[in-house]
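Subject: A structure for you, with some notes

Hi there,

Here is the structure I promised to pass on. Have a look at it first, and then read on for what turned up in it.

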Amino acid sequence: MKLSDCKKICVVTGSRADYGILNNLIKKIKKHPKYKLQLIATGSHLSKQHGKTISEINSEGLKPDAKIQIIGSKLQAYDLIKNSTRALSGYAVSFKKLNPDIILILGDRYEIFCAAYVAVIFGIPIIHLHGGEITENSYDELFRHSISKLSQIHFVSTETYRKRVIQLGESPKNVFNVGSTG
């Protein structure tokens, strides 16, 4: 499938942080007559202890096509593995039901890595935003670079990050410095 053939764009959001950056893009996709927006909310959006920020999405007139509850009450290493297992299963069910042409993900969190992993298994192309960035001393950097390797299209925020994604082995023709989408 060529990128120009992609009509159903599935955007995955896991937190207030990524939703704030994705918000304008989500609205543009929703309004565009050529595309059908599919929205998946997961992570802290559905967690009471993290503010249940799904209400912010709903208040803007957006209704997620799928909600994937993954966060338990603790966030230790073992719990993150259990959360990841829930995420993998939830994405598999959601992608099978929604049958997106492409997914759009941002960043570096484990729940977003899980979305990329499942998309690869399902053969769904991935657009990754904000690859090439650095978050020292955390899992996030490892997940971000892994997500970049799983993705086909890269929208980065600086020329330095563009060069870093290319250094990871990605084709320069698929890496675009678009600035911050927020």
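Which residue in S4 does Cys10 stand opposite? The partner is Ile103. Before going further, please keep in mind that this is a predicted model.

That pair belongs to the contact between strand S1 (residues 8-13) and strand S4 (residues 102-106), which run parallel and are joined by 3 bridges. Val11 also has a counterpart in S4, namely Leu104. On to the next pairing: S4 and S5 are parallel as well, with 4 bridges, and there Ile105 stands opposite His128 in S5.

Now the whole sheet. It is open and has 7 strands, ordered S3-S2-S1-S4-S5-S6-S7, with parallel pairing. Strand S3 (66-68) and strand S7 (175-177) are at the edges with a single partner strand each, so one side of each has no neighbour in the sheet. From one strand to the next, the twist averages 20 degrees.

Helix H4 (residues 110-122) packs on this sheet, where it touches S1, strand S2 (36-42), S4 and strand S5 (126-129); the direction of H4 makes about 160 degrees with that of S4. Helix H6 (residues 159-167) packs on the sheet too, touching strand S6 (153-156) and S7, and its direction makes about 170 degrees with that of S7. Together, S4, H4 and S5 form a right-handed β-α-β unit.

How many of the residues of S4 are buried? The count is 5 of the 5, so S4 is largely enclosed by the rest of the structure. Its two faces are both covered, with Ile102, Leu104 and Leu106 buried on one side and Ile103 and Ile105 buried on the other. In a regular strand, side chains alternate between the two faces of the sheet.

On to the cores. The largest nonpolar core has 23 residues, and Val12, Ile40, Tyr91, Phe95, Ile103 and Ile105 have the most contacts inside it. S1, S3, helix H3 (77-98), S4 and H4 each give two or more residues to this core, and H4 supplies the largest share, 7 residues. Leaving aside neighbours within four places in sequence, the contacts of Phe95 include Cys10, Ile40, Ile103, Val118 and Phe122. There is also a second, separate core of 20 residues, with Cys6, Ile9, Leu22 and Ile54 among them.

One last spot to look at is Ser15, in the loop between S1 and helix H1 (16-31). Ser15 counts as buried because its relative accessibility is 11%, under the 20% cut-off. Not counting residues up to four places away in sequence, Ser15 touches Ser44 and His45.

Best wishes

Conventions: Residues numbered from 1 in each chain as written. Predicted model: local features only at pLDDT ≥ 70, side-chain atom pairs only at ≥ 80, totals over all residues. Heavy atoms only, no water. Pairing = 2+ DSSP bridges. Axes fitted to C-alpha atoms, helices over the stretch in contact; angles between N-to-C directions. Contact = heavy atoms within 4.5 Å. Core = buried A, V, L, I, M, F, W, Y, C linked by side-chain atoms within 4.5 Å. Buried < 20%, exposed > 50% of the residue type's maximum accessible area, 1.4 Å probe, protein only. Right-handed = clockwise from strand over helix to strand, strands pointing away.
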